[in-house]
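Open the structure in your viewer and keep the selection tool at hand. We will visit the ligand and then the cysteines.

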Amino acid sequence: MKNFRIIALAVLTLSATNLQAQKYPSKLLGNEKKIDGIISQMTLEEKIDMLHGKNMFSSAGVPRLGIADIEYADGPFGIREEMEPHSWNSAHLTTDSATFFPTGSALAATWSTHWAYAYGRAMSREARLRGKDMILGPAINIQRIPTGGRTYEYLSEDPLLSGMLAVAYTRGSQDDGTAVCLKHYALNNQEDYRGFVDVHISDRSMHEIYLRPFEMAVGEADAWGVMAAYNKVNGRWCSENEHLLTTILRQQWGFPGMVISDWGGVHSTVDAVTAGMNVEMPGSRYMGQALLDSVKAGKVSEAVIDQRVREILRVRMAVKPIAKEEANRVPVGNKEEMAVALEVARRSIVMLKNEKLLPINSKRVKHIAVIGENAVTKMALGGVGAGVKTRCEITPLEGLKSAIGNSMKISYAPGYKSFDRGSRNRRQSPQQAANPELMSEAVKLAKSADLVIYFAGDNREVETEGSDRKSITLPSGQDELAIALAKANKRLVTVVVAGGPVDISTVNDVSKSLLVSWFNGSMGGQALAEVLTGKISPSGKLPMTWPIHLEDVPAYATGSYPQNIQNNAQGDIFVDITQNRSNERRQQLVANYSEESLVGYRWYDQKQASVAYPFGFGLSYASFRYDQLEVQPTAEGFDVHFQLRNVSSADAEEVAQVYVSRPSSRIERPVKELKGFQRVALKAGESKTVTIPVRRSDLCH
Ligand code: GLC
């Protein structure tokens with residue numbers, strides 16, 4: 001079954017200037033007079049107190065004037081548990097659980113702005129119940145390397161897909177009353193050496209690719225918060241980068257809100273506050289007493305302090321404060337939000353291959369062998385950084401058992417031992433060899449079954465904040481096991497549970513069917529079971545390219561990643577960030593984004609390099625026919641119209657995608673670029689006229 005794409009030629013003469021998409025009216029600018037009054041009553045000490053952390057996840061208001069503290073909450077995919085006030089330790093409450101939403105790459109695989117909006121709204125409902133004012137998300141950095149430790153948290157390799165979902169998530173969250181905090185601004189595209197890598201990049205590529213999602217969420221969704229990233233851009237720390245924080249963010253994009261630092265990411269006092277940093281998190285090393293002294297010594301004017309305070313008060317007055325005693329009073333992780341997590345999970349699952357084994361034929365199959373520890377592994381927590389304490393996470397095995405009941409026998413064998421960073425024997429690495437005992441037990445079970453469902457992939461210990469993967473090879477000897485399973489029973493379905501691309505060359509060869517189900521949230525196991533049993537059709541599309549070899553990836557092919565410095569004991573680098581201690585040599589680490597705008601599919605198209613599965617790919621149980629393509633100019637650019645028909649007997653949803661090429665361009669452009677998409681639900685036999693707008697501002701360079 002071919003994977004259809006529509007290539008619409010942009011036949012319009014485009015204005016050379018980069019037209020801003022129509023501005024989304026900001027809700028932050030309605031209290032300026034009131035803010036004048038508040039600032040005029042504040043002492044300098046009270047102003048400075050607002051500009052740095054109070055606790056690990058809060059910054060001060062003005063108690064004397066009844067201005068509440070600002071409470072922040074990690075995680076782009078769920079409201080993190082309460083932490084101790086001044087440490088990274090959990091507070092071990094029993095009242096702070098939440099819904100574990102599908103993580104970024106899963107949300108992006110839905111290509112659904114509708115469900116991204118619902119996702120943002122549901123996140124906000126939970127944030128409010130937990131007493132939070134600002135969600136530290138969405139995390140919208142471009143996935144420049146598939147091995148990036150936070151690829152699972154980010155959305156896509158493409159700026160339009162990332163941007164449109166970020167806009168929807170932001171509108172959802174802020175319409176419900178919680179501020180977002182777009183992160184990490186900007187060019188935080190790797191976890192190794194994130195605390196000091198200096199990204200060198202041209203203006204064009206920076207705007208066209210890496211800043212675009214931030215620009216869209218600010219300009220088209222009025223994002224109220226932005227988090228400055230740990231790294232440097234063109235020689236300056238993001239937390240004191242005036243070009244990023246003032247010239248682009250505030251002057252060009254008109255951002256009226258507040259910028260907080262990443263935790264421990266501030267490196268100066270006067271430079272940071274002057275460049276546009278509002279709140280140093282979590283401590284006050286630079287923007288506490290040191291800033292007060294600097295103002296008193298005349299090194300920075302009180303007018304600058306007032307402007308930073310104004311930007312914070314604008315957000316504070318847009319978000320209803322929640323009294324401490326109201327927070328964490330009502331249990332969170334309720335059925336309405338779980339339902340949103342399920343709807344997103346259902347649409348995220350990508351089917352890459354299916355030679356007749358799916359959906360499971362209940363007439364033929366009486367005994368299913370479920371192999372692989374990822375069938376029972378929970379992904380809500382793990383690794384470093386944001387995780388979600390949730391009361392419910394349905395694993396794939398649980399999902400299958402409840403969907404199939406006793407109509408078929410289901411047996412399980414772990415097959416391999418997953419990598420666990422916290423494990424005692426530090427020698428363990430994700431690439432450890434297969435475990436012979438586990439393997440032979442799994443092979444024996446596979447032989448006896450009518451169908452084998454093999455759960456490969458990695459987990460939250462392998463894909464984590466703070467460090468990148470060194471390889472995309474499937475961990476724990478999973479390739480070897482896949483070959484053995486296929487020999488034992490050729491009726492093999494493989495499900496890859498991972499947040500970012502893995503090397504699927506082996507499992508693709510030996511499996512009749514192959515799916516990706518991501519780190520798919522509290523309801524992921526139910527959603528997957530519904531796809532496997534045919535209750536719903538798979539409809540996800542890859543939000544990033546799955547390469548065959550790491551060497552084909554532009555960042556690797558250009559030699560700009562990985563950078564190698566000697567004693568890179570990962571742990572102490574993270575410690576450096578918190579203690580802001582990094583030696584001179586490390587500060588020289590440069591990542592030269594010499595591939596320019598050719599990130600992801602833009603590169604593979606240009607180089608005509610083959611990939612395992614392309615960006616935007618995903619199969620369905622249904623077949624769709626595209627007809628009567630028309631392109632009509634409009635005031636904003638042009639509309640792409642076409643007929644879409646479901647020519648099968650299975651109800652399903654399709655994600656139609658519009659790519660634009662401009663062969664006669666005066667300047668270098670990628671072969672094609674995504675410039676529009678739409679998810680369309682079609683019952684069996686149903687046909688719809690689809691219109692996808694393409695905006696001139698998205699065609700500018
Ligand atoms: C971390 C992350 C950031 C997170 C913050 C608070 O270092 O980079 O995404 O929101 O610190 O946990």
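For sorting residues, Ala, Val, Leu, Ile, Met, Phe, Trp, Tyr, Cys and Pro count as nonpolar, Asp, Glu, Lys and Arg as charged, and the others, Gly among them, as polar. This is a predicted model, where local features need pLDDT of at least 70 and side-chain atom pairs count only at pLDDT 80 or more, while totals for chains, interfaces and linings use all residues. Residues are numbered from 1 along each chain as its sequence is written, and side-chain values use heavy atoms, leaving out hydrogens and water.

Select the ligand and the residues near it (those with a heavy atom within 4 Å). You should find 14 residues around the ligand, with Asp74, Arg150, His184, Tyr230 and Asp262 the closest. By class, this shell holds six nonpolar, one polar and seven charged residues.

Next, look for polar contacts, meaning pairs of N or O atoms within 3.5 Å. From His184, a polar side-chain atom sits 2.7 Å from an oxygen atom of the ligand. Lys183 places one 2.9 Å from a ligand oxygen, and for Arg194 the distance is 3.2 Å. The protein covers 98% of the 310 Å² of accessible area that the ligand has on its own (Shrake-Rupley method, 1.4 Å probe).

Now select the cysteines. How many disulfides (pairs of cysteine sulfur atoms within 2.5 Å) are there? The count is zero. For Cys181, the closest cysteine sulfur belongs to Cys238, and at 13 Å that is too far for a bond.

Finally, color by relative accessible area: under 20% is buried, over 50% exposed, and in between partly exposed (1.4 Å probe, protein chains only). Cys181 is buried because its value is 0%, while Cys392 is partly exposed at 23%.

Technical notes. Disulfide = S-S within 2.5 Å. Polar contact = N/O pair within 3.5 Å; in protein donor to acceptor, adjacent residues only side chain to side chain.
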